[in-house]
Each structure stands twice: as C-alpha cells, then as structure tokens.
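This report covers the cysteines and one helix of a predicted model. The sequence and structure come first.

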Amino acid sequence: MRIDYELLTDLYQLTMAQGYWETGQGDTQACFHMYFRDYPFKGGYAVACGLAQLADLVDTFEFTADDIAYLASLDAPGGGSLFKPEFLDYLRTFKLNVDIDAVPEGAIVFPHEPIVRVVGPIMDCQLVETALLNCVNFQTLIATKAARVCLAAQSPVAEFGLRRAQGAGGGLWASRAAVVGGCASTSNVLAGKLFDLPVSGTHAHSWVMSFPDELTAFRAYAEAFPKNCVLLVDTYDVEQGIENAITVGLEMRDRGERLSGIRIDSGDLSWLAKMARRMLDEAGLSDCGIVLSNDLDEYAIQSIRDEGAQVSSWGVGTKLACAYDQPTLGGVYKLSATRAPGDAGWTDRIKISESAAKLTTPGVLDVRRYFYCDGGRLAGDMVFDVNAGVGAREVIVDPSDDLRQKNLAGLCFETLLKPLARAGETVLAPEFRSALAARERARTGLATLDESQKRMLHAHTYPVGLEYGLFERRRDLVVRLRGIA
C-alpha cells in the first residue's frame with residue numbers, strides 16, 4: 001500500500017527544511033526521541049506498535065516528480081512561491097540518511113522513556129517527525145486498548161471495528177494494532193491480506209431477515225458453512241433464536257457436523273449468555289460456544305465475566321478500533337542533542353517550559369530494563385545516555401519527583417532500543433515486521449508485569465527513572481539555562 005510519506009507531514013517541517021538548507025544547517029547532526037508522557041486509558045502500561053509502518057516509511061521515502069510539482073505550486077502568504085526552485089531541485093535527489101532505533105513492536109512501554117530514537121542530519125530528522133508520530137501514536141493507542149480488552153476477556157477476541165473506524169487507513173492500521181495487542185483475529189479482510197492476520201466473521205441480521213423465517217435462515221447457513229457455523233440469535237427474540245439454533249445444532253450433529261457457536265449482539269448480554277449456556281447444555285450441545293458482541297469494552301467484558309457468564313469469544317468493534325474513551329496517546333518527538341558534522345561529541349539540548357511535565361531529557365538515550373533474574377518479573381526501567389553509560393550505583397530517579405529513587409544494582413537487564421534503520425536503509429529482520437510475532441511479544445511482556453500494574457483503573461505505577469548521572473546532568477543544565485545561582 002503506497003503512501004506518500006514524504007508529504008504526510010506538517011507544512012512547517014518542509015519550511016524548516018528549506019531554512020536549514022538555506023542557512024547551511026541541514027547537515028548538523030541531531031538526536032530526537034519519541035515518547036509519551038501519560039499512561040493511556042488511566043492504566044499502567046502501553047503496548048508499542050506502529051514500528052512496522054515506520055519501516056515502510058523509511059523504505060519508500062522519496063520526493064517524486066508529482067511531489068515536487070505540488071510543492072512548486074504552493075504560494076507564500078506574502079506573494080510568490082513558498083519554496084525556492086533551488087531547494088526543490090535539492091529535494092529531487094534527496095535520500096533519507098537517518099539511523100533509527102526503536103523498541104520492537106509488542107514491547108511493553110511506559111511514560112517518559114524513548115520508544116524511538118532518530119539520529120542523523122537535522123533536516124532528515126525533521127522530515128520524518130510527523131509521519132513517525134502518526135504511525136506510532138495511533139497504533140500504540142489501539143494496541144494498548146486491545147491488550148486491556150483481551151486481559152479482561154481471558155478468551156479469544158475478534159476485532160470488528162472497520163465499519164466505524166476513522167477511515168480506510170485508520171481501519172487498516174487499527175486492525176493490525178488490535179492483533180498486536182492480543183486480538184485473535186479481525187473481521188477486516190484487507191488487513192488480513194496486507195498484514196497476514198487471521199480473519200473471522202459470522203453473519204448479519206440481514207441474513208436472517210432475508211429468509212421467510214429464522215429457522216430456515218439458520219438451516220441455510222449451516223448447509224453453506226458446516227465447518228464454520230456460528231448463528232446470530234437476536235434478530236427477533238433471543239430465547240426463540242437459541243431454540244432454533246439448538247434445532248439446527250442437533251440436525252448438524254446427526255450429519256456428523258457441529259454447531260460452532262451462537263452469537264448474541266443485543267440485550268443484557270450477561271443474563272442472556274447464562275440463559276443460552278443453560279439451554280445449550282440441556283440440549284446436549286455443551287460443545288457449542290457463545291460469542292458476545294455489541295459495543296463492548298474492557299469494563300463491560302469484565303462485568304460480564306464477574307457475573308459468571310461462560311463466554312467462548314468476544315467481538316469488539318467501535319470501542320476498540322476508535323479507542324473510544326481516549327482519542328490520542330499524546331506522544332511527542334523532541335530534540336535532545338546536536339553536533340556539528342565531523343565532531344565526535346554531542347551538545348545537550350533541553351526544552352524548559354513553564355510546565356514541569358514538559359521538561360525534556362538531554363542526550364542520546366536508551367532504556368535499560370531491569371528484571372529479577374530468578375523469574376523474569378520486571379523491576380524497573382532506566383533511561384540512560386548511551387555515550388555516558390550507566391554509573392556504578394545503578395540508581396534511577398523519577399523525572400517528576402527526585403525524592404523517588406530506586407536501586408537496581410545486581411538485577412538482570414536488557415537494553416530496549418533495537419536497530420530499525422541505518423543510513424536511511426531498514427535493517428529490520430522479518431520477525432520484527434510480523435504482527436503475530438509482535439502479539440506474542442506483547443503477551444510475554446504483559447506476563448512479566450505485576451498484577452497490580454495491569455489493573456483497569458488506578459494501576460500501580462511501574463518504576464521508570466533517569467540514570468542518576470543523567471538526572472544530575474539534566475538538573476545542572478536547567479540551573480545554568482535559567483540562570484539560577
């Protein structure tokens with residue numbers, strides 16, 4: 001699916017690029033990091049996603065003749081062309097030249113730690129910013145929502161959200177992200193084809209309504225799909241629908257076939273699911289599953305399960321594909337270091353705003369994840385500067401509260417950021433592009449969290465902090481830039 005990523009950007013990225021080019025600053029080396037500040041859905045973790053699309057961005061990034069012609073057509077508000085012909089000529093042969101490191105898709109991530117690091121000429125770093133944020137923000141949000149839904153469900157979840165998703169592109173990437181987050185399948189056939197995802201589906205109420213009666217409709221569907229027969233029983237009356245499904249299920253059993261399940265899409269789902277289970281069991285169809293759908297989210301699913309309903313699988317659409325209760329992740333992309341071409345050392349860069357929450361961290365950063373060596377349970381994450389390394393103390397300091405510190409010395413650890421691109425060429429292994437491999441990575445990562453960190457609300461905060469030396473360096477830089485004695 002070809003996307004003009006070079007133009008999937010905010011205009012100011014291109015005007016800044018012309019400014020860098022014209023002032024001779026385009027080759028200044030820069031380091032940017034993408035991260036988010038707050039937990040999505042008031043939870044205790046996020047599931048990283050969107051990195052495969054970021055790799056597609058790198059693979060296809062070039063300014064075509066059509067792109068150049070469009071940019072040449074843009075007028076400046078004060079009159080004349082917005083872009084200079086010489087700059088557009090430069091873009092004709094422009095080749096992206098960045099090194100990108102990122103957490104693998106499916107990795108469990110937390111606020112204030114880099115998900116993506118981009119290093120290269122400052123112009124190149126700016127030109128990928130908007131599309132990078134578009135990829136990672138949205139898909140991480142959906143993957144996290146899917147993880148929450150699947151943790152609540154404790155049985156397979158199918159993503160059904162395409163018809164209410166935010167357009168075709170949003171629907172496609174939402175379906176992929178939902179699978180990364182834990183969904184067993186999607187109803188989105190194009191997403192299944194493009195991303196090698198399992199697809200699933202039953203039938204609509206219109207199928208039942210198009211026949212003279214419900215029983216005839218069920219029999220026809222069973223004959224058409226004897227190995228994949230799930231009957232939607234709430235078109236007219238759920239109890240009668242279950243009775244008709246039982247009739248068809250018994251007929252299928254006599255033919256050596258099996259009714260896979262029934263689906264309920266309206267009403268009091270918990271009460272109806274319990275009634276359905278009782279009726280199916282009494283009829284001898286204990287192997288017939290129950291599928292629930294209808295504007296479900298993690299809270300509704302948890303409530304249904306808490307009431308004792310036995311549900312085989314779930315269909316979750318609108319509130320998953322649209323991240324119904326939180327419209328955006330709020331991830332940002334910030335400059336943290338620069339150096340002149342040919343220089344060995346980096347100069348720290350930091351944003352100091354009136355809001356303490358928006359204070360950035362300087363340096364070329366990575367994340368060291370500590371875990372208990374005897375079982376793999378996570379202990380805490382350290383943000384550190386790769387050029388300065390980690391001090392012997394191995395203490396992290398909460399970036400928003402310097403009195404909250406944790407000693408991680410003696411624990412096992414791994415470094416999270418992995419190479420995604422070098423000099424503008426992707427270096428991702430196939431397993432790092434696979435949504436199904438990312439789903440397994442997410443499942444493994446979630447299992448290492450404490451149960452208190454996976455609560456739906458008021459989750460226990462996972463320890464993330466700056467390496468002690470980096471914390472001191474940031475503090476000293478703030479003091480100097482603000483002129484504090």
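How far is the sulfur of Cys49 from the closest cysteine sulfur, and in which residue is that sulfur?

## Cysteines without a bond

The closest cysteine sulfur to that of Cys49 belongs to Cys135, at 10 Å, which is too far for a bond. The cut-off for a disulfide is a pair of cysteine sulfur atoms within 2.5 Å. Cys49 is buried, with a relative accessibility of 0%.

Cys322 takes part in no disulfide either; its nearest cysteine sulfur, in Cys183, is 14 Å away. Cys322 is also classed as buried, at 16% relative accessibility.

## The disulfide

The count of disulfides in the model is 1. The bond joins Cys373 and Cys412, whose sulfur atoms are 2.0 Å apart. The link is right-handed, with 120 degrees about the S-S bond. Cys373 sits in the loop between strand S14 (365-371) and strand S15 (378-385), while Cys412 belongs to strand S18 (residues 412-415), so the disulfide ties together parts that are 39 residues apart in sequence.

Both partners are partly exposed: Cys373 has a relative accessible area of 46%, and Cys412 has a relative accessibility of 26%.

## Helix H4

Helix H4 spans residues 85-92, and its buried residues are Phe87, Leu88 and Leu91. Viewed down the axis of H4, these residues fall within an arc of 100 degrees, so they line one face of the helix. The buried residues of H4 pack against two helices, H1 (11-23) and H3 (65-73).

Terms used: Residues are numbered from 1 along each chain as its sequence is written. This is a predicted model: local features need pLDDT of at least 70, side-chain atom pairs count only at pLDDT 80 or more; totals for chains, interfaces and linings use all residues. Side-chain values use heavy atoms; hydrogens and water are left out. Buried means under 20% relative accessible area, exposed over 50%, partly exposed in between (1.4 Å probe, protein chains only). Helices (H or I, at least four residues) and strands (E, at least two) are DSSP runs, numbered from the N terminus. The arc is that of the directions from the helix axis to the C-beta atoms. Contact means heavy atoms within 4.5 Å.
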